Amino acid sequence: MYKALVVEKDDAGKTSASVQELTDDRLPEGDVTVAIEHTTLNYKDGLCVGSGGGLVREYPHVPGIDFAGTVLESQSDRYKAGDKVLLTGWRVGETHWGGYAQKTRLNADWLVPLPEGLTTRQAMAIGTAGLSAMLAVMALERNGVKPGDDVLVTGASGGVGSVATSILANLGYAVAAVTGRPENADYLKALGASTIVPREEINETIKKPLEKESWNGCVDAVGSAMLARVLGQMKYGGTVAAIGLAGGADLPATMIPFLLRGVSLVGVDSVHQPFENRQQAWARLARDLPLEKLEQTIQTATLADLPDLGRRILKGDVQGRVVVDVNA
Ligand code: NDP
């Protein structure tokens, strides 16, 4: 038997989530069985716990797009019982039952060995949000953005934004953090942001296609009007790594920043990263992310807390990272 947060849909199409005891014959398909220790709450999980958000195909469903734990049984040569592993992406928690459970079964190819020096709790404090933040930083680096440069982080007090701020500050970038919550200024400064930019100062519909050149790089978790405005504020040759759309999926921008300032817009996808990329990004996270600072971003939750937290993350009302102890 194992506990899981199960989302069900009734005949009227209404979804509800509750913690249930399941028998092992209800484990999903796969060649590795994992005893999950920690999982997290991401924006996508908020969608899956609530309405499904178009991500869930079949009910009942167990959400949770990332988790870390210990291998219980393995038919794969890559893992043996007792190995510590973590999972992000591959549509686990969307089309395959995910980490909001004490146990799961899945394809060995989707797992990554837990990096040396990280606990399962720390790995999940990083989680999909942290992996995505690191992939965004690596995308900026590939385009020549370097320590000392001016980098903007949007949606800074969210999961992706908090970790991106921490990594960039630790690597020596001058980080300006955009937030709609002025009360989070001290939190963002403690993570290493040198400047706090109020959301309303940036998040307006585009006024002029080009404005003062301000940023060499940007990690953007918000999209929409915010991204459109930022494109016009990039320095010549600057790069925006677009990671999310917390502010909407549209992009009311013009071509001018691309044509007259050589700005690059790079999309970042953490879901389908090949094994080598994921392993490289995790090794960098273990090395480049100050774990003591990361502690400040964590709030701990239980499986039973997730329905409420899921609703709150969709309203932009969750600060930093939520780590879930599935055995609490
Ligand atoms: P969070 O909700 O934790 O953070 C988003 C932050 O954006 C909020 O905390 C808030 O920050 C800001 N925000 C929210 N709504 C608005 C708005 N309407 N206008 C402007 N700012 C807003 O989510 P995550 O950090 O987990 O994820 C952020 C985005 O990244 C999501 O769209 C998610 O789906 C996506 N994502 C994509 C991945 C990929 O592989 N491409 C992987 C992981 C996440 P503040 O209060 O500081 O302004």
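**Exercise 1.** In this predicted model, work out in which sense β8 and β11 pair, and over how many bridges.

*Solution.* Start with the two strands: β8 covers residues 150-154 and β11 covers 215-220. They pair in the parallel sense, with four bridges between them. For a concrete spot to check, take T154: its bridge partner in β11 is D220.

**Exercise 2.** Now go to the other neighbours: find what β8 does with β9, and what β11 does with β12.

*Solution.* Take β8 first. Four bridges tie it to β9 (residues 174-179), and the two strands run parallel. Look at D150 here, as its bridge partner in β9 is A174. Then move to β11, which pairs with β12 (residues 234-242) over five bridges, again in the parallel sense. G217 has T239 as its bridge partner in β12.

**Exercise 3.** Put the whole sheet together: what is the strand order, and which strands sit at the edges?

*Solution.* The pairs slot into an open, six-stranded parallel sheet with the order β10-β9-β8-β11-β12-β13. The edges are β10 (195-198) and β13 (264-267), each pairing on one side only. Going from one strand to the next, the twist averages 20°.

**Exercise 4.** Add the helices: which strands does α3 touch, and what hand does the unit containing α6 have?

*Solution.* Helix α3 (residues 159-170) packs on the sheet and touches β8, β9 and β11; its direction makes about 165° with that of β8. As for cover, six of the six residues in β11 are buried. Finally, follow the chain from β11 through α6 (residues 224-231) to β12: that β-α-β unit is right-handed.

Key:
Residues are numbered from 1 along each chain as its sequence is written. This is a predicted model: local features need pLDDT of at least 70, side-chain atom pairs count only at pLDDT 80 or more; totals for chains, interfaces and linings use all residues. Side-chain values use heavy atoms; hydrogens and water are left out. Two strands pair if DSSP finds at least two bridges between them. Axes are lines fitted to C-alpha atoms, for helices over the stretch in contact, and angles run from 0 to 180 degrees between N-to-C directions. Contact means heavy atoms within 4.5 Å. Buried means under 20% relative accessible area, exposed over 50%, partly exposed in between (1.4 Å probe, protein chains only). A crossover is right-handed if, with the strands pointing away from the viewer, the path from the first strand over the helix to the second runs clockwise.
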